Amino acid sequence: MEFKVTKTDGNARTGILKTAHSEIATPVFMPVGTVGAVKSLDATDMKEILDAKIILANTYHMYLRPGSNIVKEFGGLHGFSKFDRSFLTDSGGFQAFSLRSNTKNDDGGIKFKSHIDGSTHYFTPKSVLDTQYDLGSDIMMILDDLVALPAEKKRVELSLKRTIKWADEAIRYHKFKQNEGVGLKQNIFGIIQGGTDYEARKFCAQSLCEMDFDGLAIGGLSVGESNQEMYDTVEGVIPFTDPARPRYLMGVGTPEDLVENVERGVDMFDCVMPTRNARNGTLFTSFGKINVKSAKFINDHAPIDSECDCYTCRNYSRGYLNHLFKARELTFFRLASLHNLHYYLNLMKQIREAIANGEFAKFKINFYAKRKVND
């Protein structure tokens, strides 16, 4: 993997991230394809219509179904899904958090019961990498110990201890496997934990920066804290990350979150929000969100967003989408998801252009000013 910062504007920055499968302009938003597919869309949609350069798949879900060995037989995620650009795979740590009624963490890893059939499994720093070697992802995330917020200081300290220990085990194992010829084109990112505690985040970031990770992620946010607490935490930890490595803020977020955190120096994002909201009828526009299932759109001939040139906005009206949603027509999921993902990907493109021109501050003012039209 190669990463080069190409322009800075304050703390905001653009860059080029090259993997074995694609060249990615940053800051970038990664659509979420949890089970090897972005819901309601296929590889042709992702490549030819949306021109996505990288998507995220999940180790936990692919491990349980169909099994990483099956995916490996198809040529990894790229051959299995036919999306031949880059994949990032999460480790399963977040699933252990979100499905915590079925999980138990200890110093060695995470024991959990499958949400599919109740079978028992145990993830370790090494085992999640073995799964990701099978999946063949371009960027592999390590196992980490995520905690809900707010959290007691004692629990945050335990999370740090485990996360740093697991990170050390993971990077050592990855180098060992590469010496054996495994995962030579795969990259590994460490995950910074620490809740909203400044000193905890600083300590974790400094510890991981000493390890030979290809990139660093900020995990454990958007899990119960306020937006301002998230922004303050990111702003506090960025100075203790290596500027030569890409910075990835996991599981975030709203369009506002992307703008705010790019301003603080983040390069990579992912979130289920655009596709999940699309399926529920909430669509993102340059002027804020609209709920297209509302009765006021029944006879609306306008596109979702007058400033959008996505496939859906170029071809269909709010009235038609309102009808599709109410008729429970599956086509709605595809058209709405194409729009919301285009909005996110185009927002990142606009951000990159603003940074390149030294006009990010102006862009941010205009971004928020448009939203006040609908307030």
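Helices (H or I, at least four residues) and strands (E, at least two) are DSSP runs, numbered from the N terminus. The model is predicted: local features need pLDDT of at least 70, side-chain atom pairs count only at pLDDT 80 or more, and totals for chains, interfaces and linings use all residues. Residues are numbered from 1 along each chain as its sequence is written, and side-chain values use heavy atoms, with hydrogens and water left out.

**Stop 1: the three-stranded sheet**

Select residues 2-9, which are strand S1, and 23-26, which are strand S3. Together with S2 they form an open sheet in the order S1-S2-S3, with antiparallel pairing; two strands pair if DSSP finds at least two bridges between them. S1 and S3 stand at the edges with a single partner strand each, so one side of each has no neighbour in the sheet. From one strand to the next, the twist averages 10 degrees. Add residues 12-18, strand S2, which is joined to S1 by seven bridges. Within this pair, Lys4 is opposite Ile16 of S2.

**Stop 2: from S3 into the next sheet**

Go to Pro27, in the loop between S3 and S4. The peptide bond between Thr26 and Pro27 is cis, with omega of about 5 degrees.

Now display the open sheet of eight strands, ordered S4-S14-S13-S12-S11-S10-S6-S5 and paired in parallel. Its edge strands are S4 (28-30) and S5 (54-58), each of which pairs on one side only. Here the twist averages 25 degrees from one strand to the next. Select S5 with S6 (residues 86-90): five bridges pair them in the parallel sense. Ile55 stands opposite Phe87 in S6.

Before leaving S5, select Asp51, in the loop between helix H1 (43-49) and S5. Asp51 is not a glycine, yet its phi is positive, about 55 degrees. Its relative accessible area is 40%, which makes Asp51 partly exposed (buried means under 20% relative accessible area, exposed over 50%, partly exposed in between, with a 1.4 Å probe and protein chains only).

**Stop 3: Gly253 and helix H10**

Gly253 is in the loop between strand S13 (247-249) and H10. A second cis peptide bond to inspect joins Val252 and Gly253, with omega of about 0 degrees.

Continue to H10 (residues 255-263) and show H14 with it: their axes come within 11 Å and cross at roughly 25 degrees. Axes are lines fitted to C-alpha atoms, for helices over the stretch in contact, and angles run from 0 to 180 degrees between N-to-C directions. H10 and H14 are therefore roughly parallel to each other (angles under 35 degrees count as roughly parallel, over 145 as roughly antiparallel, 65 to 115 as roughly perpendicular and the rest as oblique). For the contact (heavy atoms within 4.5 Å), select Pro255, Leu258, Val259 and Val262 of H10 and Tyr343, Tyr344, Leu347, Met348, Ile351 and Ile355 of H14.

**Stop 4: helix H13 and the loop after it**

Select residues 318-326, helix H13, where Arg318, Gly319, Leu321, Asn322 and Leu324 are buried. These buried residues pack against strand S16 (288-291), helix H12 (311-315) and helix H14 (331-356).

End at Arg328, in the loop between H13 and H14. Arg328 has a positive phi of about 55 degrees although it is not a glycine. Is Arg328 buried or exposed? Arg328 is exposed, with a relative accessible area of 76%.
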